[in-house]
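Let's take a friendly walk through a protein model, going from one residue to the helices around it. Keep the picture at hand as you read.

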Amino acid sequence: MTIPLLPAHPQARPPLFRSFGYAVAGLRVLAGERNARIHALATVVVAALALVFRLPPLEMGALAVAVTLVWVAEALNTAIERLADAVNPQYNPMIGAAKDVAAGGVLLAAVGACVVGASVVAAHL
């Protein structure tokens, strides 16, 4: 049995506004995650520092890209964890490894964002 990746008929696709609703629902799920609250605090700190130092637009853009990358990594990590838990609630070493890789991706993004942030702020001290 094959499962089509896209609906067979364009009429079967949800309206665009409903697709945005699904995305907002996903962000609400993400907001409930402990690590997302940590990222939210870091985002507020970065935004405050950017305003205090009156960073030029290019540097603000670099910080925005770095912060966004962390949020995207966390969203993908959360999606992978939720899907893996739904597929197999019992411990499975392969699923555990996949979850570890996803968490490692978040760590890489966060470290990269810290490097960008430190580089930008250090130039203004």
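## Starting in a loop

We begin with Glu33, which sits in the loop between α1 and α2. Keep in mind that the model you are looking at is predicted. Is Glu33 buried or exposed? Its relative accessibility is 19%, and since buried means under 20%, Glu33 counts as buried.

Which residues does Glu33 touch, leaving aside those up to four places away in sequence? They are Thr78 and Arg82.

## Two salt bridges

Side chains of opposite charge can pair when their charged atoms come close. How many salt bridges does a search of the whole structure find? The search finds two.

One of them joins Arg82 to Glu33, with the closest N and O atoms 2.7 Å apart. Arg82 belongs to helix α3 while Glu33 is in the loop between α1 (16-31) and α2, so this pair ties together parts that are 49 residues apart in sequence. The two partners can be compared by their surroundings: Arg82 is partly exposed, with a relative accessible area of 45%, whereas Glu33 is buried.

Another salt bridge links Asp85 with Lys99, and here the closest N and O atoms are 2.5 Å apart. Asp85 is in helix α3 and Lys99 is in helix α4, so the pair ties together parts 14 residues apart in sequence. Asp85 is partly exposed, at a relative accessible area of 39%. Lys99 is partly exposed too, at 22%.

## How α3 and α4 pack

Now look at the helices themselves. The axes of α3 and α4 are 9 Å apart, and the two helices pack at an angle of about 170°. Angles over 145 degrees count as roughly antiparallel, which is why α3 and α4 are described as roughly antiparallel to each other. Sorted by class, the residues in the contact of α3 with α4 are 17 nonpolar, three polar and five charged.

## A nonpolar core

Which residues make up the largest nonpolar core? There are six: Ala66, Val70, Ala73, Val106, Ala109 and Ala113. Helices α3 and α4 each supply at least two residues of this core.

Two of the alanines are worth finding in the picture. Ala109 touches Leu69, Val70 and Ala73, not counting residues up to four places away in sequence. Ala113 lies in helix α4 (residues 93-122) and is buried, with a relative accessible area of 16%. With the same kind of sequence neighbours left out (up to four places away), Ala113 touches Ala66 and Val70. You can also look for Leu63: its C-alpha atom is separated by 7.4 Å from that of Ala113, although these residues are 50 residues apart along the chain.

## How α2 and α3 pack

Our last stop is the pair formed by helix α2 (residues 34-52) and helix α3 (residues 57-87), whose axes come within 11 Å and cross at roughly 175°. These helices are therefore roughly antiparallel to each other. On the α2 side, the contact is made by Asn35, Ala36, His39, Ala40, Thr43, Val46 and Ala50. On the α3 side, the residues are Met60, Leu63, Val67, Val70, Trp71 and Glu74.

What classes do these residues fall into? The contact of α2 with α3 has nine nonpolar, three polar and one charged residues. Val70 is a name to remember, as it is listed in this contact and also in the largest nonpolar core.

Definitions and conventions
Residues are numbered from 1 along each chain as its sequence is written. This is a predicted model: local features need pLDDT of at least 70, side-chain atom pairs count only at pLDDT 80 or more; totals for chains, interfaces and linings use all residues. Side-chain values use heavy atoms; hydrogens and water are left out. Helices (H or I, at least four residues) and strands (E, at least two) are DSSP runs, numbered from the N terminus. Buried means under 20% relative accessible area, exposed over 50%, partly exposed in between (1.4 Å probe, protein chains only). Contact means heavy atoms within 4.5 Å. Axes are lines fitted to C-alpha atoms, for helices over the stretch in contact, and angles run from 0 to 180 degrees between N-to-C directions. Angles under 35 degrees count as roughly parallel, over 145 as roughly antiparallel, 65 to 115 as roughly perpendicular and the rest as oblique. Ala, Val, Leu, Ile, Met, Phe, Trp, Tyr, Cys and Pro count as nonpolar, Asp, Glu, Lys and Arg as charged, and the others, Gly among them, as polar. A nonpolar core is a set of buried Ala, Val, Leu, Ile, Met, Phe, Trp, Tyr and Cys residues joined through side-chain atoms within 4.5 Å. A salt bridge is a side-chain nitrogen of Lys or Arg within 4 Å of a carboxyl oxygen of Asp or Glu.
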